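Hi everyone, thanks for coming. I'd like to walk you through one structure today, so please have the sequence and the 3D view open in front of you.

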Amino acid sequence: MKITSTSCICPVLVCLCFVQRCYGAAHHGSIKVTRNQTKHVEGETEVHHRPKRGWVWNQFFVLEEHMGPDPQYVGKLHSNSDKGDGSVKYILTGEGAGTIFIIDDTTGDIHSTKSLDREQKTHYVLHAQAIDRRTNKPLEPESEFIIKVQDINDNAPKFTDGPYIVTVPEMSEMGTSVLQVTATDADDPTYGNSARVVYSILQGQPYFSVDPKTGVIRTALHNMDREAREHYSVVIQAKDMAGQVGGLSGSTTVNITLTDVNDNPPRFPQKHYQLYVPESAQVGSAVGKIKANDADTGSNADMKYTIINGDGSGVFSISTDKETREGILSLKKPLNYEKKKSYTLNIEGANTHLDFRFSHLGPFKDVTMLKIIVGDVDEPPLFTMPSYVMEVYENAKIGTTVGTVTAQDPDTANSLVRYFIDHNMEEDRYFTIDASTGTIKTAKIFDREETPWYNITVAASDTDNPELVSHVPVGVRILDVNDNPPELAREYDVVVCENAKPGQVIQTITATDKDNSANGARFRFSLDEGLSLNPNFTLRDNEDNTASILTRRRRYSRTTQDIYYLPVLISDGGVPPLSSSSTLTIRVCACERDGRVRTCHAEAFLSSAGLSTGALIAILLCVVILLAIVVLFITLRRSKKEPLIISEEDVRENVVTYDDEGGGEEDTEAFDITALRNPSAAEELKYRRDVRPEVKPVLRHHPSSSLDSIDVQEFIKQRLAEADLDPSVPPYDSLQTYAYEGHRSEAGSISSLDSATTHSDQDYNYLGDWGPEFKKLAELYGEIESERTT
């Protein structure tokens with residue numbers, strides 16, 4: 001297949017198409033194929049050729065932006081198998097086939113039906129194939145070819161970043177780079193000059209220039225002065241087709257501002273200035289302003305003002321206002337017209353930020369002279385001191401002189417001065433002042449402990465002009481006298497342990513005095529000598545303004561006495577010395593072995609022994625339960641008592657035992673022990689109650705006279721005989737015991753119950769070391785020992 005293109009229009013394009021077509025045919029295997037033909041050349045041997053592709057392909061070109069009424073012809077497809085009889089059918093597929101590009105399936109002519117834009121799509125890839133129209137079988141293999149959209153100059157250059165705003169320092173060298181601008185052209189840069197852009201300046205000459213190739217804008221003049229002109233508007237044009245006629249162009253605006261440099265020194269508008277300042281001007285106040293002009297701006301116009309010489313440099317000072325760049329003249333010392341009527345100052349204003357590139361334009365400072373005239377003013381009286389401090393003793397009589405203030409009229413007239421106290425505060429009414437002499441006296445009696453210091457304000461005015469008033473502060477210190485006795489520093493809670501030892505320190509006390517240290521720094525402590533010697537406690541003066549309370553005996557008992565009172569006498573070292581008496585309350589408390597207080601209240605024995613309420617309740621409950629069990633057990637034993645004879649055999653050969661021990665002295669059921677306690681109470685014969693008698697008892701009566709005279713021994717023998725003759729008793733021996741001991745022995749009692757009444761020298765202090773179980777026992781023996789000692 002052979003491809004033919006006729007899209008070249010102008011002679012130049014025709015030549016380009018011809019060259020390109022020839023180039024394509026020579027380099028893309030454009031070979032005409034004949035099917036298995038053998039060529040016989042005379043004089044040569046027969047040569048066989050293998051079948052090759054039977055069509056030629058190449059690139060097609062189509063111009064963009066075609067505006068004609070008819071479809072634009074692109075090219076032609078042709079196969080060697082096409083004999084012109086219409087048996088070959090050409091098929092076109094790929095990008096744009098059937099929509100943008102159409103083909104005549106008989107002739108192979110390709111046309112473009114739409115106007116194309118290269119900037120949107122540069123080429124289209126399509127596939128061509130020749131088939132047999134009758135059999136629809138391919139005559140040639142499918143081949144790929146490209147239709148390129150050929151560029152025309154239809155896009156103007158554009159500045160995508162404009163307009164521009166840029167700065168350049170003033171006084172820059174000629175040729176200083178300001179900015180580089182760049183324009184873009186959407187046309188094909190590889191084809192012709194459609195995208196070749198050159199730059200030119202339309203507005204801004206002769207101050208700036210632009211490089212036609214790079215677009216770099218530069219300064220075109222020397223020493224461009226911002227103070228002469230600050231803003232410039234430069235218009236730059238970009239034109240394609242290398243700037244030739246017919247090329248398209250675009251432009252942009254560059255706004256250039258000259259930035260300031262310090263190329264202008266400051267200058268005072270005048271070389272001489274004059275300033276009037278009244279002598280009444282306050283020290284530290286601003287009395288005038290001065291300013292030097294600077295054509296520069298920002299930090300390049302910053303300056304500093306100084307006084308370089310003059311007779312007023314010690315009286316006046318100058319500072320710089322950074323916002324207004326003015327020199328503020330202030331007063332350092334008070335003015336006095338009567339002493340000096342004028343001053344002269346030389347003031348310098350200099351830039352603080354220098355640029356040494358422009359030092360040849362300097363010097364960057366300027367000097368002016370300022371003359372200050374002092375104005376005369378009628379002034380108020382002037383006190384000889386800025387403040388006064390006076391002293392007076394407390395309790396001084398009314399009218400006591402405190403001190404004197406003095407003021408003078410500074411004016412030439414030297415008028416008389418009148419004094420008075422400015423009664424703005426209530427406390428000022430404690431003093432009076434002599435209007436002529438300025439002597440201050442007391443108007444009330446003072447108490448230093450109530451108010452130790454007073455502040456008053458004394459005013460002085462001219463008699464000729466009472467409106468001119470000056471004031472001075474006066475402080476009055478109230479001096480101390482020894483008029484307050486010392487007293488305890490606080491309320492002390494003194495505690496003594498029950499197990500305290502003699503000489504033990506139980507409290508250290510201090511004292512305080514409302515008077516100052518000169519009248520109360522040294523305190524002396526002692527017990528009241530008017531009272532008898534205290535047997536329980538004593539006092540020791542530590543000679544450091546403290547005293548210690550000590551015990552005088554070994555042990556104390558809360559149950560005997562829980563509170564003691566100790567009077568203490570305290571005296572100071574003032575002149576004359578004063579003293580006072582205070583009473584300490586000492587409580588007796590139970591303490592641990594390490595001295596920690598356990599309790600200070602009188603408690604029961606068990607509570608003192610360390611048993612809590614819950615423990616006491618538990619103990620009582622256990623006791624009640626045990627009593628109930630005992631009563632129940634006794635009741636059951638009595639109700640189920642068995643007879644002593646448990647067998648019909650001879651009981652003399654048997655030993656019968658039972659566990660009935662009786663109920664002791666309180667048991668009156670087994671036998672009546674009253675008779676043994678008091679033989680005279682036995683009035684009738686009583687039988688045993690543990691067995692039932694079979695015969696009726698025989699009553700025996702004794703006269704009362706015989707009962708009173710009967711002996712115990714005889715009584716026992718009589719009872720023994722009755723027991724032997726009683727037919728109701730068992731036929732075995734019965735042992736009966738009696739608790740009666742008889743009459744008192746002449747040797748006396750050897751019991752230890754009365755041993756507490758005897759004196760003993762034994763020391764029971766070791767009981768306190770046996771632990772909390774023996775604490776109460778130790779306290780009991782300790783109380784006995786304390787009472788014995790007392």
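Which helix holds Leu780? Leu780 sits in helix H7, which covers residues 775–789. Before I go on, please keep in mind that this is a predicted model.

Staying with Leu780, is the residue buried, exposed or partly exposed? With a relative accessible area of 35%, Leu780 is partly exposed. Leu780 also has company: together with Tyr766, Trp770, Phe774, Leu777 and Tyr781, this leucine forms a nonpolar patch on the surface. The accessible area of the six residues together is about 520 Å². As background, nonpolar side chains in soluble globular proteins tend to be buried together.

That brings me to the inside. The largest nonpolar core has 23 residues. Among those with the most contacts inside the core are Phe383, Val405 and Phe431, and Ile440, Val458 and Val474 are listed with them. Which elements give two or more residues to this core? They are strands S26 (388–393), S29 (417–421), S30 (431–433), S32 (453–462) and S33 (469–479).

If you click on Phe383, you can see some of this in detail. Leaving aside neighbours within four places in sequence, Phe383 is in contact with residues including Tyr388, Val405, Tyr419, Val458 and Val472. Polar residues touch Phe383 as well, among them Thr406, Ser470 and His471.

Just past strand S33, have a look at Asp480, in the loop between S33 and strand S34 (487–488). Asp480 is buried, at 9% relative accessible area. What does the side chain of Asp480 make a polar contact with? The partner is the side chain of Arg448, at 3.0 Å.

Now for the charged pairs. In general, side chains of opposite charge can pair when their charged atoms come close. How many salt bridges does a search of the whole structure find? The search finds 17, and I've picked out three.

The first pick is Lys121 with Glu95, where the closest N and O atoms are 3.7 Å apart. Lys121 is in the loop between strands S8 (109–112) and S9 (123–132), and Glu95 is in the loop between S6 (88–94) and S7 (101–103), so this pair ties together parts 26 residues apart in sequence. Lys121 is partly exposed at 31% relative accessibility, and Glu95 is partly exposed at 34%.

Next comes Asp260 with Arg226, with the closest N and O atoms 3.0 Å apart. Asp260 lies in the loop between strands S17 (249–259) and S18 (272–278), while Arg226 lies in the loop between S15 (216–219) and S16 (231–239), and 34 residues separate the two. Are these two buried or exposed? Asp260 counts as buried at 16% relative accessibility, and Arg226 is buried at 10%.

My last pick is Arg325 with Asp302, at 3.2 Å between the closest N and O atoms. The loop between strands S21 (316–321) and S22 (326–331) holds Arg325, and the loop between S19 (286–290) and S20 (303–309) holds Asp302, so the pair ties together parts 23 residues apart in sequence. Arg325 is partly exposed at 24%, and Asp302 counts as partly exposed at 23%. Returning to Arg226 and Asp260, salt bridges with shared partners join them with Glu227 and Glu230 into one network.

One more stop: Thr635, in helix H3 (residues 613–639). The side chain of Thr635 reaches the backbone oxygen of Val631 at 2.8 Å, and Thr635 is partly exposed at 46%.

How values were computed: Residues are numbered from 1 along each chain as its sequence is written. This is a predicted model: local features need pLDDT of at least 70, side-chain atom pairs count only at pLDDT 80 or more; totals for chains, interfaces and linings use all residues. Side-chain values use heavy atoms; hydrogens and water are left out. A nonpolar core is a set of buried Ala, Val, Leu, Ile, Met, Phe, Trp, Tyr and Cys residues joined through side-chain atoms within 4.5 Å. Buried means under 20% relative accessible area, exposed over 50%, partly exposed in between (1.4 Å probe, protein chains only). Helices (H or I, at least four residues) and strands (E, at least two) are DSSP runs, numbered from the N terminus. Contact means heavy atoms within 4.5 Å. A polar contact is a pair of N or O atoms within 3.5 Å; within protein, one must be able to donate a hydrogen and the other to accept it, and residues adjacent in sequence count only if both atoms are side-chain atoms. A salt bridge is a side-chain nitrogen of Lys or Arg within 4 Å of a carboxyl oxygen of Asp or Glu. Patches are made of residues with over 30% relative accessible area and no salt bridge: like charges are joined within 9 Å, nonpolar side chains (Val, Leu, Ile, Met, Phe, Trp, Tyr) within 5 Å. Accessible areas come from the Shrake-Rupley method with a 1.4 Å probe; for residues, only the protein chains shown count as cover.
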